[in-house]
Amino acid sequence: MRLLVLTVVCVALMVVDARFDTLKPVRSQLGLALTPFYWLADLPVRAWNTATQQLTSTSELMAENERLKAEALLMQRRLQKLAMLTEQNVRLRELLNSAALVDDRVLVAELIGLDPNPFTHRLLIDKGEKDGVFLGQPVLDASGLMGQVVEVMPYAARVLLITDVTHSIPVQVNRNGLRAIAVGTGDPDYLELRHVADTADIKEGDLLVSSGLGQRFPSGYPVAQVKEVVRDSGQPFAIVRATPTAMLNRSRYLLLVFSDARSPEERSAAAAQAEVEAEAGRREGGGGDQPAPAPEASPAAAAAEPDEEGAQQ
């Protein structure tokens, strides 16, 4: 019965509210009174949405931060690579400039290894017998003479540096032509000149170049610069120390010089053969215009020369 009465009252209120404006102030006051309850009822939903949004934003920010860190690392790696390529380009340009100043045929090689023995100054390069490398071949860098090839493999070779204790090279002072022998000391920063007279005209700052004696190293290549000259009136020889001009500890690209690939006998024989071939070419060229006199003139000249030699003897 009570439920029925309440139902009738609710229906009546709904009809009155729909048909008339009598209950509008009441409804407005009730809405104002119930607003805090609405806010409290919606608070869990809003808190959940805010927390979810913050967690999502934090995850996105963390992911973006990780991505930016990875991109920064990649850019740093590229920058380091660019710096290395720039330095490599500079070194190659210096090497090309030095190659242009060398009259002999050269081959560019790259350093690929070092001898682990601290008492041996040797390098491993990426050119070998297949590239025409031979024993005793001079090796340069952009600044001067580095050493010579002491071991040849099919695709690699070992280079003995001029600072090795077993290495020596004939040099001369570029200023006055004074000759000496530069010997390795085992120290990559110094060479010593042996048997230099105490009265010899040599001083600090003099440039030492290869003299070409011994037919191993071509003449004129920078070897070292005199760093110290110690003279003792009681000793027959002065102590002369020099600093190599080549960057022995820093050069990565080297020049292999092919000027002395042949022995002196082979070069003399080749020069004689070239002269004979040139003379034959000149005779053939002259024989086309005057075929008859050319064959007769050669035997006569050949016969005349022995007669003149016999008369002189």
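**Exercise 1. Take stock of the chain: how many helices and strands does its secondary structure comprise?**

Solution. The secondary structure comes to four helices and twelve strands, as read from a model that is predicted. Turning from elements to residues, 25% of the 313 residues of the chain count as buried, where buried stands for under 20% relative accessible area. The surface that the chain exposes is about 21100 Å², and carbon and sulfur atoms supply 58% of that area. Finally, among the contacts with a separation of 6 or more, 57% are accounted for by residues 24 or more positions apart.

**Exercise 2. Trace the barrel that contains strand E1: in which order do its six strands close?**

Solution. Begin at E1 and follow the antiparallel pairing, which gives the order E1-E2-E5-E4-E3-E12 for the six strands that close into this barrel. From one strand to the next, the twist averages 45°. Next, examine one pair within the order: strand E4, residues 145–152, runs antiparallel to strand E5, residues 157–161, and five bridges join them. To place this pairing at the level of residues, look at Gln-148, whose bridge partner in E5 is Leu-160.

**Exercise 3. Trace the barrel that contains strand E6: in which order do its six strands close?**

Solution. Here the order is E6-E7-E8-E11-E10-E9, and the pairing is again antiparallel. Neighbouring strands of this sheet are turned against each other by 40° on average, direction ignored. Step through three of the pairings, as follows.

- Strand E7 (residues 179–184) is joined by four bridges to strand E8 (residues 191–197), the two running antiparallel, and Ile-181 has Arg-194 as its bridge partner in E8.
- Strand E6 (residues 168–173) pairs with strand E9 (residues 207–210) in the antiparallel sense over three bridges, with Val-171 standing opposite Ser-210 in E9.
- E9 also pairs with strand E10 (residues 222–230), in the antiparallel sense and over three bridges; in this pairing Val-209 stands opposite Pro-222 in E10.

**Exercise 4. Describe the largest pocket: which residues lie nearest its centre?**

Solution. First consider the space itself, which amounts to about 240 Å³ in the largest pocket. Then consider the lining, which is made up of 17 residues, and of these Leu-114, Leu-123, Leu-161, Leu-248 and Asn-249 lie nearest the centre. As a last step, connect the pocket to the strands: E1 (106–114) and E2 (122–125) each supply at least two residues of the lining, and both strands belong to the barrel with the order E1-E2-E5-E4-E3-E12.

Key
Residues are numbered from 1 along each chain as its sequence is written. This is a predicted model: local features need pLDDT of at least 70, side-chain atom pairs count only at pLDDT 80 or more; totals for chains, interfaces and linings use all residues. Side-chain values use heavy atoms; hydrogens and water are left out. Two strands pair if DSSP finds at least two bridges between them. Axes are lines fitted to C-alpha atoms, for helices over the stretch in contact, and angles run from 0 to 180 degrees between N-to-C directions. Buried means under 20% relative accessible area, exposed over 50%, partly exposed in between (1.4 Å probe, protein chains only). Contact means heavy atoms within 4.5 Å. Accessible areas come from the Shrake-Rupley method with a 1.4 Å probe; for residues, only the protein chains shown count as cover. On a 1 Å grid over the protein atoms alone, a cavity is a set of points where a 1.4 Å probe fits but cannot get out, and a pocket is an open set with protein on both sides within 12 Å along at least five of seven lines; lining residues have an atom within 4 Å of a point. Grid points are joined across faces, edges and corners, and a volume is the space filled by probe spheres set on the points.
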